[in-house]
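Trainee: Hi! Could we go through this structure together?
Mentor: Happy to, pull it up and ask away.

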Amino acid sequence: MMKQSGLILLGTLLLLGACSGCRESEDNFDKEVAKACAELVRAGFRPVAEERSQRFLGKVQDYTALCRGGRKALEGRDQPWLDWRNYWGTGDASSLSRELLGIDHLGRNSRGVDGALLDLEYQRIELIKLNLFDNAGTYQEFVTGRDGVGGPALKVWKAMRLPPDHPRYADVGGDGEQLCRGDLIRHRTLTGVCNDLRNPLMGSTGTPFARNVQLSTTFPELDADELTRNRHGDRLGPLEPDPQVISRRLFTRAQSQPESCNDGLGLPDWSPEARCDYKPASFFNVLAAFWIQFMTHDWFSHLVEGHNAPEMMEVGCTHKLVDGEQVPLTEAEIAELGCRPDDRMDRSFIAQSDEPPTFDFGGQTYLTRAHKTTANTVTGWWDASQLYGYDETSRRRVKRDGEDPAKLLLVRVGDRPGAGEDQGYLPVFQSGDPIHPSWAGQEATAFPDNWTIGMSFYHNVFAREHNLFVDEFRARAAAEPDADSGLRDPARPREVIRMRDVTGDELFEAARLVVAAVIAKIHTIEWTTQLLYDEPLFRAMNANWSGLFGSHPLVESALSKIVSQGLARSEEVDLTTQWYSVFASGPGIFGLGSHVYAGDAIFSKYDKSKTDVWTIENPNHVNGGINHFGSPFNFPEEFTTVYRLHPLVPDLIELRDWQEPNAIRNQVPVITTFRGEATAAMHERGGLADFALSMGRQRLGLLTLGNHARFLQNVPMPRLGSATDRIDVAALDLIRDRERGVPRFNELRRQYGLRLLTSFDDFVDRSLAEGSPERREQERLVGVLREVYGQHVCDASKVITSAQVNADGTPITDCLGHPDGSIVDNVEDVDTVVGWLAEFVRPHGFAISETQFQVFILNASRRLFSDRFFTSSFRPELYTHLGVEWVNNNGPDGTVMEAGKPNGHEMEVSPLKRVLLRTVPELEPELRHVVNAFDPWARDRGEYYSLAWTPRPGAESDPAFNGGR
Ligand code: HEM
């Protein structure tokens, strides 16, 4: 009953918005819209798909589009792309309805934004329901269930037990029921075991990457089933189409002054005269590019200590497609392309390659895992393992301060001015440290691979943040030594640990928890809301963190109650999986289950008037807030694919001096700040303040075709000992995806519940004026896609997928809706990375494509839902009282509000801005103007989600706004 009333409440809220605007309609158009809204109300909510073929696909009915976005929303409905991008209020000021400017709660703009949120929630529910495919040995039970419990409601798996040879096997219960306890539950463990108390192995170092696509669709090159053969014919191979040819023809940045760019090497001595053209994103800065590299180093890695498997392989630059045949490239063609047939690379590590066992269920045969698997060589948790380590070797690279073991070792470098300089820098690796020789000269940290100036920046900043937390704790301990620190030892759970009694190790681990949570918060509510710069995503991401209806306590508490009725523990599989995510958007995912009130819900929100009975003694409290939706957590292989974001990186960094912010002092080739040279640059040519300002002001590269850095196609790789000693990283992105069996773009879209493309022309943004330079460029690139991937005569008898059907219910065939025997584009063969880079049509302010975004919706939510340290274990008993306060308030000094109402919202000063104000305080005069640390710092944010590239007052003389870069 409670469940039902909650659904009705949620529904009424969203539909009421639809009606009230209708009543006020006056002219014909308004009447048309009113009629559409009435139809929408009559139709009610669409049901969540029971099976793949019924999925939402981000496409709504005509009346829904009209009600939420007027005529504009009707246009483009025949294209594959998401409909909500045309709703009212989802773009910049021009998307706001004339009816009511601003986002009220009843008018058109609200219908548009709420409608977009509802569309997003449908997609998340269906993704959770239909896209979880574990590779670690639990998938069969997900399909068949166990002991009468449906697979998606299962919470404990044999495959997630610690094996007998694990050093902590006996501690968790050995061959009996396994349950983590004692020191294993107090903080994030080195290898990530015991995040989930009852599934100790989950997410730990070395466990297999999962998948988000039907297992039979992985590794299309293997031609393992009929659908795959029908989809691709014999056109695919590990090096077909040729990856270096794709890189050079579709990824290379065009240069207006090639000699001033010098393939990304710039001019001698970092001359400011150097110039490398790139397509910049006006609303996202270079700090954001390196932020995501910093994040990926925490989440996943396929390499072991910077290495792949020992065997070497060719990497293309040998063939091109002519009339459907692969023909060798001539010397002249190779020279013209600028690729290198003699490049070599080490193959990927493959964990399992024997044919997976199959099982039958409901008349179908399933694979128990993908044809091959690979292992995540770091922890899958968002635990700052790039800073603190993920195994014994990486931990030995982390230097603690000899004088205070709670701290990381930081040392003063030089005598540069700046209030933050005394906080110091990470020390450099010494001989004896366990490192690959190519990492010599870099700052000492756990994950040193592909070290860039951006990695140097963030590792130093968060090491300072760690130490500032310790300093604040020590200061409070000195002031009130007998006060309760908040910490509890599971061995003596009722004993208060006083501030004075907290050991160095305990404080170190609490600081790690805090730093990891601060990072997750920055990523969720600051980085992502700038990556996806529009109102629906601002609300959605804040909902993920702190609740959708933060300003509506009544709704929030209603939703919280619904969650509390035990949905997470329900065996009603559909309800569990479909609605849990909606309801969690009520109270927010972060901190879910971290307060427990007698006789009340496990997911109750913090309530001062009640007695919180949460205790570290009760595993159901410690572990109670998590939900894996029936599939143990690890990132899927497809997640790595959509984070191959190499075009974000410019060739040159515009180096500035923080004391003279409007001038560009040098043009620094990024490749001259690679590996140990990043550390040298940070120490000798500019400190944290200079690089923060430089990367903060500079725009990053758009994720689109023709926008890979020149230097990335020529990265020096001496460790390979190949004839060229270099590698084209852009080509490697394609090869790695093929080695790891990522489906090609069109099938990947179908698998993720997005509409397929039927020709390369679908990529072209038809809202652009015909003949406009932008549209002509898109049409040119589509022409190149056709040349590189080719066309074929189609055969309508060949069914190519089981993931979707045509609108009329017929199967999708090799002809993609075109007449049998016609010539169709080989759109099925497009590599996934190429496909998402070619998506020119995107929602407003989206720095990534909608396909990447779809992968993100599912996994960004899951890595919060599955991690007890972000849900039920976000507690003073583990974080300390100061730690909880620090994460909630973005620092030690309470809530600090941003001036004004950016984009109409009262907001707290954003978490990275607060971190920078603490760790690099000399930046205060610059940061005063910044709302989001990832928006170019000197850009005038203008009105409602403007993307304009104009300077804020005081930055008019900055050459970046005057054609210079
Ligand atoms: C100077 C800048 C960068 C350089 C030189 C660089 C270099 C590389 C190289 C050499 C690899 C291939 C490793 C292999 O498979 O053997 C790689 C992989 C990768 N890079 Fe970058 N990268 C840079 C920046 C970035 C950025 C900004 C991102 C943004 C997310 C990124 C994301 C990735 C991802 C996701 C992989 C795949 C990792 C895996 O397979 O587990 N990189 N990078």
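Trainee: Let's start with the ligand. Which cavity is the space taken by the ligand?
Mentor: The ligand takes up the space of the largest cavity. Keep in mind as we talk that this is a predicted model.

Trainee: Which elements give two or more residues to the shell around the ligand?
Mentor: Those are helix 9 (286-299) and helix 22 (729-739). Helix 9 provides the largest share of that shell, with 4 residues.

Trainee: And which residues come nearest to the ligand?
Mentor: There are 27 residues around the ligand, and the nearest are His 302, Asn 308, His 646, Arg 736 and Arg 740.

Trainee: How far is the side chain of Arg 736 from an oxygen atom of the ligand?
Mentor: An N or O atom in the Arg 736 side chain is 2.7 Å from a ligand oxygen. For Arg 740, a side-chain N or O atom is 2.9 Å from an oxygen atom of the ligand. His 302 joins in as well, with a polar side-chain atom 2.8 Å from a ligand oxygen.

Trainee: Nice. How do the residues of that shell divide into nonpolar, polar and charged?
Mentor: The shell around the ligand has 15 nonpolar, 9 polar and 3 charged residues.

Trainee: Back to the cavity itself. How much space lies in the largest cavity?
Mentor: About 1,000 Å³. Its lining counts 43 residues, and Gln 293, His 297, Asn 450, His 646 and Val 729 lie nearest the centre. You met His 646 a moment ago among the residues that come nearest to the ligand.

Trainee: Which helix gives the most to the lining of the largest cavity?
Mentor: Helix 9, with 6 residues. Helix 22 is there too, since each of these two helices supplies at least two residues of the lining. By class, the lining of the largest cavity divides into 22 nonpolar, 14 polar and 7 charged residues.

Trainee: How many cavities of 30 Å³ or more does the structure hold?
Mentor: The count is 11. The second largest cavity has a volume of about 70 Å³. Its lining consists of Leu 387, Val 398, Lys 399, Leu 408, Leu 426, Ala 444, Thr 445, His 459 and Ala 463. That makes 6 nonpolar, 2 polar and 1 charged residues.

Trainee: What about pockets? What volume does the second largest pocket have?
Mentor: The second largest pocket has about 1,200 Å³. Of its 43 lining residues, Asp 765, Glu 774, Phe 840, Val 841 and Arg 842 are nearest the centre. Helix 3 (62-74), strand 1 (280-285) and helix 24 (773-789) are the elements that give two or more residues to this lining. The classes here are 17 nonpolar, 15 polar and 11 charged.

Trainee: Changing topic: how many aromatic pairs does the structure hold?
Mentor: It holds 43 aromatic pairs. Take Phe 300 and Phe 635: their ring centres are 6.4 Å apart and their planes stand at 70°, so this pair is edge-to-face. The pair links distant parts of the chain, 335 residues apart. Phe 300 sits in the loop between helix 9 and strand 2 (312-314), and Phe 635 in the loop between helix 18 (619-622) and helix 19 (637-642).

Trainee: Now the backbone. Is the peptide bond from Glu 240 to Pro 241 cis or trans?
Mentor: It is cis, with omega near -10°. Pro 241 is placed in the loop between helix 6 (226-232) and helix 7 (243-251). For context, most peptide bonds are trans.

Trainee: And is the phi of Asp 263 positive or negative?
Mentor: The phi of Asp 263 is positive, about 50°, although Asp 263 is not a glycine. Most residues other than glycine have a negative phi.

Trainee: Where does Asp 263 lie?
Mentor: Asp 263 lies in the loop between helix 8 (258-261) and strand 1.

Terms used:
Residues are numbered from 1 along each chain as its sequence is written. This is a predicted model: local features need pLDDT of at least 70, side-chain atom pairs count only at pLDDT 80 or more; totals for chains, interfaces and linings use all residues. Side-chain values use heavy atoms; hydrogens and water are left out. A residue is near a molecule or strand if one of its heavy atoms lies within 4 Å of it. A polar contact is a pair of N or O atoms within 3.5 Å; within protein, one must be able to donate a hydrogen and the other to accept it, and residues adjacent in sequence count only if both atoms are side-chain atoms. On a 1 Å grid over the protein atoms alone, a cavity is a set of points where a 1.4 Å probe fits but cannot get out, and a pocket is an open set with protein on both sides within 12 Å along at least five of seven lines; lining residues have an atom within 4 Å of a point. A molecule sits in a cavity or pocket if more than half of its atoms lie within 2 Å of its grid points. Ala, Val, Leu, Ile, Met, Phe, Trp, Tyr, Cys and Pro count as nonpolar, Asp, Glu, Lys and Arg as charged, and the others, Gly among them, as polar. Grid points are joined across faces, edges and corners, and a volume is the space filled by probe spheres set on the points. Rings of Phe, Tyr and Trp (its six-membered ring) pair if their centres lie within 6.5 Å; planes under 30 degrees apart count as stacked, over 60 as edge-to-face and the rest as tilted.
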